[in-house]
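Okay, thanks for making the time, everyone. I'd like to walk you through one model this morning, so let me put it up on the screen.

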Amino acid sequence: MSSSLSISPRLRAKVSLITGAAQGIGLATALKFAREGATVVVCDIKQCGVDAAVGQCRELGATAVGHVMDVTRREMVDAVVSKVLAEFGRIDVLVNNAGITQDARLQKMTLEQFDRVIDVNLRGVFHCAQAVADTMVAQGSGVILNASSVVGIYGNFGQTNYAASKFGVIGFTKTWSRELGPKGIRVNAVAPGFITTPILSTIPAKVIAEMEHRVPLRRLGKPEEIANVYAFLASDEASYVNGAVIEVSGGMSV
């Protein structure tokens, strides 16, 4: 049986642009969207990662294309959006997933660390959303999904820059849901807890164990568990969900 026959229609024909889609939650989201029938536009900063992700999406039977894109460079974002519109004629979903960490305590954090995280995690989200907004307004429909974090709700030791950026993403989400909702565009955020992604690769095992203990489910989350929520929010099943920040953390904030 062809793999394409197993694709459900939940996101069928929805042109979905996903940033940071070459690894971690972004890759899991691209693959989930592929399985759900979306046309997947993979965006990331390295060509090899983009190519690999596109290949995996196509193996699932989906239409997929890839673009190298640095979300901090507005000219690249605008160019990619133009290419997607030229090829597919519309953009139905934007997943603002790209993000980085550069941790340090307040007294030790450099201006370069602060600026870099804000540039990617906050300015990059602004660039991408603004680049697709006119298209979605003209369509009278669209979904913008922003990656926040539980750190963006509760803060975290050593993450002044990251927490600020993820708090800011929530502010974007609340504001854009008010501005764009009347135009038929839904804007929501997902706030993951501790997820097993490459971003945790440098954390000692002892710290990982402590993180697991803080979660009532006593484990870290899987990228696929975040992707599942993105897929729901992107679908028509979430047609009355707007301006929400959905925590997916195994209950760590309880």
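**A walk through the model**

Let's start with R178, which counts as exposed at 70% relative accessibility. Before I go on, keep in mind that this is a predicted model. R178 sits in helix α6, which covers residues 160–180. Its C-alpha atom is 7.5 Å from that of G243, and the two residues are 65 apart along the chain.

Staying on helix α6, let's talk aromatics. How many aromatic pairs does the count come to? Just one. That pair is F172 with W176, and it's stacked, with 4.7 Å centre to centre and 15° between the planes. Both residues lie in α6, four residues apart, so about one turn of the helix. And are they buried or exposed? F172 is buried, at 18% relative accessible area, and W176 is buried too, at 11%.

Next, the cysteines. A search of the whole structure turns up zero disulfides. Take C43: the nearest cysteine sulfur belongs to C128, and it's 7.6 Å away, so C43 is in no disulfide, given that a bond needs the two sulfurs within 2.5 Å. C43 is buried, with a relative accessible area of 1%. What about C48? Its closest cysteine sulfur is the one in C43, at 15 Å, and that's too far for a bond. C48 counts as exposed, at 60% relative accessibility.

Over to strand β2, residues 39–44, where we find T39. T39 counts as buried, at 11% relative accessibility. Which residues is T39 in contact with, if you leave aside its neighbours within four places in sequence? The list is K14, V15, S16, T63 and F88.

Now, pockets. Rolling a probe the size of a water molecule over the atoms shows where empty space is left. The largest pocket here has a volume of about 1,400 Å³. It's lined by 50 residues, and the closest to its centre are G99, I100, T101, T197 and I199. Which elements each supply at least two residues of that lining? You've got α1, residues 24–35, then β2, then α2, residues 47–59. Add to those α4 at 111–139, α6, and α7 at 205–213. So β2, where T39 lies, and α6, which holds the F172 and W176 pair, are both on that list. As for chemistry, the lining of the largest pocket divides into 25 nonpolar residues, 17 polar and eight charged.

The second largest pocket has a volume of about 160 Å³. Its lining includes K14, which you'll remember as a contact of T39. Also in there are R90, D92, R186 and D236, among others. That lining breaks down as three nonpolar, four polar and five charged residues.

Last stop, a couple of backbone oddities. A13 has a positive phi of about 70°, although it isn't a glycine. You'll find A13 in the segment before β1, which runs over 15–19, and it's exposed, with a relative accessible area of 53%. R218 isn't a glycine either, and has a positive phi of about 60°. R218 is in the loop between α7 and α8, with α8 at 223–234. At 49% relative accessibility, R218 counts as partly exposed.

That's my tour. Happy to spin the model around if anyone wants another look.

Notes: Residues numbered from 1 in each chain as written. Predicted model: local features only at pLDDT ≥ 70, side-chain atom pairs only at ≥ 80, totals over all residues. Heavy atoms only, no water. Buried < 20%, exposed > 50% of the residue type's maximum accessible area, 1.4 Å probe, protein only. Phe/Tyr/Trp six-rings, centres within 6.5 Å; stacked < 30°, edge-to-face > 60°. Contact = heavy atoms within 4.5 Å. 1 Å grid on protein atoms, 1.4 Å probe; cavity = no way out; pocket = protein on both sides within 12 Å on 5 of 7 lines; lining within 4 Å. Points joined across faces, edges and corners; volume = space filled by probe spheres on them. Nonpolar A, V, L, I, M, F, W, Y, C, P; charged D, E, K, R; others polar.
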